[in-house]
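Here are a few exercises to help you find your way around a new structure. Take them one at a time, and try each task before you read its solution.

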Amino acid sequence: MISLAIPDLSGNERKYLNECIDTTFVSSVGPFVERLEKMVAEIAGCKCGVATSSGTTGLHTALVSYGIGRDDLVIIPSFTFIATANAISHCGAVPWLMDIDPVTWTLSANQLRTELYDNTETQDGQLIHKGTGRRVAAIMPVYTLGNIPDMDSIVNISRDYNLPVIADAAAAIGAEYKGKKVGELADCTVFSFNGNKTVTSGGGGAMVTDNEEIAKRGKHISTTARISTEYDFDMVGYNYRMTNIQAAIGCAQLERVEEFVNKKRHIRETYNSLLSECDGVSLFPELENTRSSCWFSGVVIPDGNPDKLREICVILKEKGIEARTFWKPIHLQKPYEHAICAKTLEQTENVWDKILTLPCSTSITDEEIEIVTNTLKELL
């Protein structure tokens, strides 16, 4: 089977895991956690890093650190993995769903500005959504597939409305935007180290920021809000700690982040080259002046639909190739069927059910990519 996305663990992972076992630092206390926090912050171009147990808990930690709570609104694109919306719900807050840019599949800056202009007003120093009376508390762009949205415009809009930008960069480690590192673009940025990500710790995540107070608060919240070696706590915290074992794997992976991202980009370029003239498909997007981390590669089937894509995946699997459909938008998910939505989600609805992701493990060979593309061409 040519798998969709499996980790490359051929670096120092075994060595560092043995260190954990030899020293007995296997839980949430140990040197690799602090090392990972420093490494991920440096890679992202930020001063501070806070390791968490997952990307979802990283998002929740970031939101709580910015004071986001019950009944607040947080703006996200509807085209995202459900964890983005769930992290907001875990705060007692509510997602405000918006459309994507058709070029990058990321939050539409144009719609963001229009929706805020048309549907909000300032009351007692707070930005209020006219239709619901809820406070608008933050903007959370999602770096879809490692693509960066029009962050210049999004940040300018956020400053006009005095909103923090908390980026869901789950799959975007190593990405760049106009010469800036990924962590330099938002007030706070959150990564995932899930098993299928470019860099993995088996499970885990991290938030990075230049705001030392936010980082301190995030660390406190995510480590049960304990204030002394005694069992003293000063608020309701969360046990979102990454273990030293997870961090050991993560550190070994982060040592190779440039190698992995370069390989992901090579995979994307190879697929694009082999499929660029294939009838019935179009290619994944990438914005000019950015360096996508190219988490997943694949194609768009313009005349596709969920049933057709599922059938393609079944046939490919029978031929030894793992392929999958991609995210079903949040506004079509049962927990969010009554969510607050922008006036139109046209671009999201045009693309979500036409995306086919193809094998893109960092260990995949060019020969395997050619097998995948030839098989797909024959099938189409």
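Rings of Phe, Tyr and Trp (its six-membered ring) count as a pair if their centres lie within 6.5 Å. Keep that cut-off in mind, and note that the model you are looking at is predicted.

**Exercise 1. Aromatic rings**

Task: Find out how many aromatic pairs the whole structure has, and which residues form one aromatic cluster.

Solution: Start with the search of the whole structure, which gives 10 aromatic pairs. Then look for rings that join up: F79, W105, F284, W295, F296, F326 and W327 make one aromatic cluster.

**Exercise 2. Stacked or tilted?**

Task: Classify the ring pair of Y16 and F32, then do the same for Y238 and Y240.

Solution: Planes under 30 degrees apart count as stacked, over 60 as edge-to-face and the rest as tilted.

Step one: the ring centres of Y16 and F32 are 5.1 Å apart with planes at 35°, so this pair is tilted. The pair links distant parts of the chain, with Y16 in helix α1 (residues 13-23) and F32 in helix α2 (residues 31-44), 16 residues apart. Both Y16 and F32 are buried.

Step two: for Y238 and Y240 the centres are 5.1 Å apart and the planes lie at 15°, so this pair is stacked. Y238 counts as partly exposed because its relative accessibility is 24%, while Y240, at 14%, counts as buried.

**Exercise 3. Charges over rings**

Task: Name the ring over which the charged end of R35 sits, and the ring for R226.

Solution: The charged end of R35 is over the ring of Y16, 5.4 Å from its centre. For R226, the ring is that of Y231, and the charged end is 4.4 Å from the ring centre.

**Exercise 4. Two helices that cross**

Task: Describe how α9 and α12 cross, and sort the residues of their contact.

Solution: First take the axes: helix α9 (residues 257-275) and helix α12 (residues 366-379) have axes that come within 10 Å and cross at roughly 40°. Next comes the hand of the crossing, which is right-handed. Now list the contact: H266, I267, T270, Y271, L274 and L275 in α9 meet D366, I369, E370, V372, T373, L376 and K377 in α12. Sorted by type, these residues are seven nonpolar, three polar and three charged.

**Exercise 5. A loop residue**

Task: Is K343 buried or exposed?

Solution: Locate K343 in the loop between β15 (340-341) and α11 (346-351). Its relative accessible area is 81%, so K343 is exposed.

Definitions and conventions
Residues are numbered from 1 along each chain as its sequence is written. This is a predicted model: local features need pLDDT of at least 70, side-chain atom pairs count only at pLDDT 80 or more; totals for chains, interfaces and linings use all residues. Side-chain values use heavy atoms; hydrogens and water are left out. Helices (H or I, at least four residues) and strands (E, at least two) are DSSP runs, numbered from the N terminus. Buried means under 20% relative accessible area, exposed over 50%, partly exposed in between (1.4 Å probe, protein chains only). A charge sits over a ring if NZ of Lys or CZ of Arg is within 6 Å of the ring centre and within 35 degrees of the ring normal. Axes are lines fitted to C-alpha atoms, for helices over the stretch in contact, and angles run from 0 to 180 degrees between N-to-C directions. A crossing is left-handed if the near helix is turned anticlockwise from the far one by less than a right angle, and right-handed if clockwise. Contact means heavy atoms within 4.5 Å. Ala, Val, Leu, Ile, Met, Phe, Trp, Tyr, Cys and Pro count as nonpolar, Asp, Glu, Lys and Arg as charged, and the others, Gly among them, as polar.
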